[in-house]
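Welcome, and please have your viewer ready. Work through each exercise on your own before you read its solution.

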Amino acid sequence: MMTIVECVLDEHDGWLVLLAALLCVTGSWVTARLFQRMASTDGAQRYGWLFMTALAAGVGIWCTHFIGMLGYDAGVPVGFDLAMTVVSLLVSVIGSTIGFIVAASRLARFTPALGGAIVGLAIAAMHYTGMMAYRVQGIVSWNPTYLIVSIVLSVGLSAVALHLAMRPGPRSTNFMAGVLALAIVMLHFTGMTAFRVEPLLVDGSFSNPAAFQALAFAVAAMSFVIVGAGAVSYMIDDSARAASMEKLRRLALSDTLTGLPNRASFNERLNAEMALARENNGRLVLVGIDLNRFKEVNDLRGHSAGDEVLRILGRRIRELLHEEASEFVARTGGDEFSGLYRMHDVHALSDFLARLEAALFKPIHFDGAEIVPGASFGVAIFPDDAADAENLVNHADLAMYRAKADPLRNVCFYEAGMDEKIRARRTLAADLRQALERHEFSLHYQVQTAVSTGDILGYEVLLRWEHPQFGPIGPDEFIPLAEENGLILPIGEWVLRTACAEAATWAEPYKVAVNLSAVQFIRADLPRVIMETLIETGLAPERLELELTESAIFADRERALLMLRQIKNLGVSIALDDFGTGYSSLETLRAFPFDRIKIDRSFFTMAADHPQTIAIVRAVLALGKTFGIPVLAEGIETEDQLSMLNAEGCEEAQGFLLGRPAPLVEIIGRGELTLNAGRDGDDAGPALKVAGAGN
Ligand code: C2E
Ligand code: CA
Ligand code: CA
């Protein structure tokens, strides 16, 4: 009995067998891939992939068979029946279509195997229909054992192939391809082993092997084209998928508003950079960045304005980065950014920081207004300041808070010991939250005097905080804290209301001067708050003066001037505080008719006859004269200073010499002030009851 191996070796043209095998493997490989794609898509796409799968499988199977047949040497003249040959091709394509539909249906756990069995049947049906198209001059007989074995092998192996294909796992596609190819090959050659021909030499003319070979190559070429088309469509789709996956990944890692990387990609980058720095013994700089005026923009101009500001800043940052130096900035929070910088030398780092500073401080023109976003930068360096990512981030944050709290510095480098101070600050901020409810605030009053006559003009109100543990804390310390977390708004309102209520009880109509923080000043409803306070307390508007520093105006000039006019229209006067320390622009004085200029107390720390002091006093007096605004000198501590002022023609002064800030009861006790007849201290408002010690 002839074995399968003998059949392959002895009765076939080796080259054509090789070609058939190559085609079988290629066809199966492409089929498996197309099938996987079909099984994982839905809708119209699924039908497209099904068509491609069935075509590749049907053509691959059929061509393998046909070329195998052409390579078979029956020892007698042979020919092919065209109609039956076409039928066998259709059986192959249609049968495998049905098989793949069933296999991918996911109706039950066994459907992949069932579909595979159908494909196996189709392969067998194709083969034996094809054999019917094979016309030989001789008596054909079949070995029933090989015939049955061939069908069982085909059905069984195909069932296994598709069962494997539908199992999850990275290699399932290759398993399917391999087993399917085996099914096709086994069927064909076992089937050929079953095939026996007893030659009947009728006309003695033999078929032409050269013509068969040509036919075989033509069929192979055709089928490679078809299978190749399937492979190409798979690859095109694959790369399109890869591209869209990559895009999705990028989207997930980048912030859509600014186009900068987001927090997730920052963390990824931080870990990678730290690993690199460890390897190279390098240093990595982390820069924490927090915008200064973003909340204002959002609150005053709405979220779309806020978004626009972020978008502009994002673009500026992207443009300033030197990517070849692997500079990296991500948006890591609402108005927070984080930068990474591989430290080469200190000069390069300060260049990086300077570029960031310039980008974030450059004004943004928006709706006809000018916004200076501004930012605070905290710098921490690995491994100098921290040994791991978490500490590095924390330390950069600490430095950043420090920069935020310091009006003179935008950039702060982390220093050991900062933690303690910041922690103390944080607890202080938490205590500040409760200070109002716990009545820990009180007001002190400091007299403002006419220099030539010594007459009292009014009193400046100065806020005091008596901390339950730490005792008195100065406003220079807690006002910036309150400004940072917005507490200045309720606190400032309390000061205004209390001061107005108390002043309304004075018999003498002295002015009361209340300090306003720049943060209060940007609130749109400030004029309304002032008006309501005046109505509630019954204080005449001309007795109230608000003290304002230039920084309040600098933030948003147009708005500030509008606000000042509204307040002034109420009849309230406005003093320009701390003149000479800030921007001291002539423009500010020209643009708005202040009622008073206060020369900052720092100018009076030097001796009264110091040329610089005299020069400043003269300059400011000249300015006041030009604009018709009275000038008050602050921080007057000595008689010399007072007489100098007198000599120079400065008419108003305030300072320890003329009176230290003190609680109202003390001032009343000194006889400077009397309360309204018919009213006593008990109705006068909260501050009278919480009088603390003077300073
Ligand atoms: P300021 O508005 O310049 O207030 C004057 C400060 O100078 C007061 O300090 C006062 O005690 C101090 N001073 C007065 N005379 C002299 C003097 O002759 N020599 C010296 N060396 N100092 C003198 P204080 O009370 O510590 O207030 C500091 C700052 O805190 C104030 O500066 C003001 O900017 C702010 N502040 C105080 N109360 C309030 C408030 O109710 N609201 C707001 N927003 N800020 C306030
Ligand atoms: Ca003041
Ligand atoms: Ca002042």
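The exercises below go from the chain as a whole to a sheet, a strand and the ligand sites.

This is a predicted model, in which local features need pLDDT of at least 70, side-chain atom pairs count only at pLDDT 80 or more, and totals for chains, interfaces and linings use all residues. Residues are numbered from 1 along each chain as its sequence is written, chains are lettered from A and ligands numbered from 1 in the order in which they are written, and side-chain values use heavy atoms, with hydrogens and water left out.

**Exercise 1. Find the domains of the chain, and state how far apart the C-alpha centres of domain 1 and domain 2 lie.**

Solution. Start with the bounds, which come from an automatic or database domain assignment. Domain 1 covers 2–244, domain 2 covers 263–416 and domain 3 covers 428–691. Next, take the C-alpha centres of domain 1 and domain 2: they are 64 Å apart.

**Exercise 2. Work out the strand order of the open sheet that contains E6 and E11, and name its edge strands.**

Solution. First, the terms: helices (H or I, at least four residues) and strands (E, at least two) are DSSP runs, numbered from the N terminus. Two strands pair if DSSP finds at least two bridges between them.

Now read across the sheet. Its 5 strands follow the order E6-E7-E5-E10-E11, with mixed pairing. The edges are E6 (328–331) and E11 (411–413), each of which pairs on one side only. From one strand to the next, the twist averages 20°; axes here are lines fitted to C-alpha atoms, for helices over the stretch in contact, and angles run from 0 to 180 degrees between N-to-C directions.

To check one edge, look at E6 and E7 (residues 336–343): they are antiparallel, with 4 bridges. Arg331 has Phe337 in E7 as its bridge partner.

Finally, visit two loops. Between helix H9 (263–280) and strand E5 (283–291) sits Asn281, a residue other than glycine whose phi is positive, near 55°. In the loop between E10 (375–382) and helix H13 (389–405) you will find Pro383, joined to Phe382 by a cis peptide bond with omega about 0°.

**Exercise 3. Is strand E13 largely enclosed or not, and which strands does E13 join through bridges?**

Solution. Begin with burial, where buried means under 20% relative accessible area, exposed over 50%, and partly exposed in between (1.4 Å probe, protein chains only). In E13 (residues 456–467), 9 of the 12 residues are buried, so the rest of the structure largely encloses this strand.

Then go through the neighbours:

- E12 (residues 441–450) is antiparallel to E13, with 9 bridges. Ser442 stands opposite Arg464, and in the hairpin, which has 5 residues between the strands, Gly454 has a positive phi near 80°.
- E15 (residues 511–515) runs parallel to E13, with 4 bridges. Here Gly458 stands opposite Lys511.
- E14 (residues 471–473) is antiparallel to E13, with 3 bridges. A hairpin of 3 residues links the two, and Glu466 has Pro472 as its bridge partner.

**Exercise 4. List the donors of the two calcium ions, ligand 2 and ligand 3, and find the residue that coordinates both.**

Solution. Donors are N, O and S atoms within 2.8 Å of the metal (3.2 Å for Na, K and Ca); water is not among the atoms, so sites may look incomplete.

Take ligand 2 first. Glu460 (OE), Asn515 (OD1), Glu547 (OE) and Asp577 (OD) coordinate this calcium ion at 2.1 to 2.3 Å. Glu460 belongs to E13 and Glu547 to strand E16 (residues 544–548), so the pair ties together parts that are 87 residues apart in sequence. Glu460 is buried at 3% relative accessible area, and Glu547 is buried at 1%.

Move to ligand 3. Its protein donors, at 2.2 to 2.7 Å, are Asp577 (OD), Asp578 (OD) and Glu634, which appears twice through OE. Along the chain, they follow the spacing D-D-x55-E.

The shared residue is Asp577, and the two ions are 3.8 Å apart. Asp577 is buried, at 8%.

**Exercise 5. Which residues come nearest to ligand 1, and which polar side-chain contacts can you find there?**

Solution. A residue is near a molecule or strand if one of its heavy atoms lies within 4 Å of it. Of the 22 residues around ligand 1, Gln446, Arg464, Arg601, Glu637 and Phe656 come nearest.

For polar contacts, look for pairs of N or O atoms within 3.5 Å; within protein, one must be able to donate a hydrogen and the other to accept it, and residues adjacent in sequence count only if both atoms are side-chain atoms. An N or O atom in the side chain of Glu637 is 2.5 Å from a nitrogen atom of ligand 1. Polar side-chain atoms also lie 3.2 Å from a ligand 1 oxygen atom for Glu460, and 3.3 Å from one for Asp578.

Asp578 lies in strand E17 (residues 573–579) and has a positive phi of about 55°, although it is not a glycine.
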